[in-house]
Amino acid sequence: HIEQTIAAIEAQPPVDEATLARSSGLAKMAGGQLPTCYKKHAKTSVLSNQLIKGPAFELENLEDRKLHVSLSDALAWARVNAFSPLNTGCTITPV
């Protein structure tokens, strides 16, 4: 079984450098660019300071303020850093 899997992987054509350069390793979420509500009620991202399009992730905060990042940004952040971008020491789990 393992030999068949290895043979199937080796039989795949190599990825060209142009495709590899365009690929960042992160996938776009379905609906990640759709507006979620009116601008009056829209959430602003802590990372980019722009209105969040698509699903939002609420960050744990030591104060009572609700701070958000887009879910795709939270997933990308969690891939490289387990702690909140707010530097509070809280971990984030956007899964």
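Ser70 belongs to strand β2, which covers residues 67–70. The model is predicted. Ser70 counts as buried because its relative accessibility is 9%, under the 20% limit. Its side chain makes a polar contact of 3.1 Å with the side chain of Asp73. Beyond its neighbours within four places in sequence, Ser70 is in contact with Ser45, Ile52, Pro55, Ala56 and Phe57.

A second serine, Ser84, is placed in the segment after α3. Ser84 also counts as buried, because its relative accessibility is 6%. With neighbours within four places in sequence left aside, the contacts of Ser84 are Leu59, Trp77, Cys90 and Ile92.

The two serines are set out below.

| Residue | Place | Relative accessibility |
|---|---|---|
| Ser70 | strand β2 (residues 67–70) | 9% |
| Ser84 | segment after α3 | 6% |

The largest nonpolar core has six residues: Phe57, Leu59, Val69, Leu71, Ala74 and Ile92. At least two of these residues come from β1 (56–59), and at least two come from α3 (71–80). In soluble globular proteins, nonpolar side chains tend to be buried together.

Both serines touch members of this core. Phe57 is a core residue and is among the contacts of Ser70. Leu59 and Ile92 are core residues and are among the contacts of Ser84.

Within the core, Val69 has its own list of contacts. Leaving aside neighbours within four places in sequence, Val69 is in contact with Phe57, Leu59 and Ala74, among others. The list for Val69 also includes Ser45, Val46, Leu47, Ile52 and Ala56. Of these, Ser45, Ile52 and Ala56 are also among the contacts of Ser70.

Note on methods:
Residues numbered from 1 in each chain as written. Predicted model: local features only at pLDDT ≥ 70, side-chain atom pairs only at ≥ 80, totals over all residues. Heavy atoms only, no water. Helix = DSSP H or I, 4+ residues; strand = E, 2+ residues; numbered from the N terminus. Buried < 20%, exposed > 50% of the residue type's maximum accessible area, 1.4 Å probe, protein only. Polar contact = N/O pair within 3.5 Å; in protein donor to acceptor, adjacent residues only side chain to side chain. Contact = heavy atoms within 4.5 Å. Core = buried A, V, L, I, M, F, W, Y, C linked by side-chain atoms within 4.5 Å.
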